[in-house]
Amino acid sequence: MADTEKPAVNFVNNNKELKFYKPTSSGNGAASNWQLSLKSEDGQPRWFCFLNMAQQGGKNDKGNAIFDWENKIIVKMESVDIGEMLAVINGRKDKAGAKDGLFHKSPNGDTKIIKLSKLDRGYSLQINAQSEDKKLTSISHMLYDGEVEVLKVFFQAALCFLNHW
């Protein structure tokens, strides 16, 4: 291979994801989708971790809940964010981040705060997003202990992918 050639990256089936659907009969449920995605950065393959959350958007023709993934909130997770969430899951902290959660500011001016908190029965996961025009959107749902155990394994794998361990 010549020095100027870049290795080919096959992106097929290089996305890993874990979804939690939390529909409610009142229609105000939510879902989260945790993703590990292989993308190209500067011509080189690199893994990224994303949290996507969507509000419940009604029901389909069979009466099953549907979620508004077109208007989802997306946050790119860094290793430190994952570490903060693992600290909550492992019982070292009551909530992730500083006093208000894990703060992210996008290059376009949007701000997002991720909150993961331990409750008496399970965990609360929430994203607050504020667009540059000050529109505020909040999406949240509960996670139960068994779900959080699965999320913990996802996080451990994500750290290996993100850091090339």
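Q: What is the relative accessible area of Tyr21?
A: This is a predicted model, in which local features need pLDDT of at least 70 and side-chain atom pairs count only at pLDDT 80 or more, while totals for chains, interfaces and linings use all residues. Residues are numbered from 1 along each chain as its sequence is written, and side-chain values use heavy atoms, with hydrogens and water left out. With buried meaning under 20% relative accessible area, exposed over 50% and partly exposed in between (1.4 Å probe, protein chains only), Tyr21 is partly exposed, at a value of 43%.

Q: Which residue forms an aromatic pair with Tyr21, tilted at 45 degrees between the planes?
A: Rings of Phe, Tyr and Trp (its six-membered ring) pair if their centres lie within 6.5 Å, with planes under 30 degrees apart counted as stacked, over 60 as edge-to-face and the rest as tilted; by this rule there are 5 aromatic pairs. In the pair that includes Tyr21, the centres lie 5.4 Å apart. Tyr21 belongs to strand β1 (residues 15–22), and its partner, 46 residues away, to strand β4 (residues 65–67), strands being DSSP runs of E with at least two residues and helices runs of H or I with at least four, numbered from the N terminus. The partner, buried at a relative accessible area of 13%, is Phe67.

Q: Why do β6 and β9 each have one side without a neighbour in the sheet?
A: Two strands pair if DSSP finds at least two bridges between them, and here 4 strands form an open, antiparallel sheet in the order β6-β7-β8-β9. Because β6 (102–105) and β9 (136–143) stand at its edges, each has a single partner strand.

Q: Which residue in β8 is the bridge partner of Leu116?
A: Strand β7 (residues 111–118) runs antiparallel to strand β8 (residues 123–130), and the two are joined over 8 bridges. Within β8, the partner of Leu116 is Leu125.

Q: Which element gives the largest share of the largest nonpolar core?
A: A nonpolar core is a set of buried Ala, Val, Leu, Ile, Met, Phe, Trp, Tyr and Cys residues joined through side-chain atoms within 4.5 Å. The largest such core holds 35 residues, and those touching the most other members include Trp34, Ile114, Leu125 and Phe155. Its largest share, 7 residues, comes from α2.

Q: Which residue of the cluster made with Phe154 and Phe155 is a Trp?
A: Ring pairs join three residues into a cluster, two of them being Phe154 and Phe155. The third member is Trp34.
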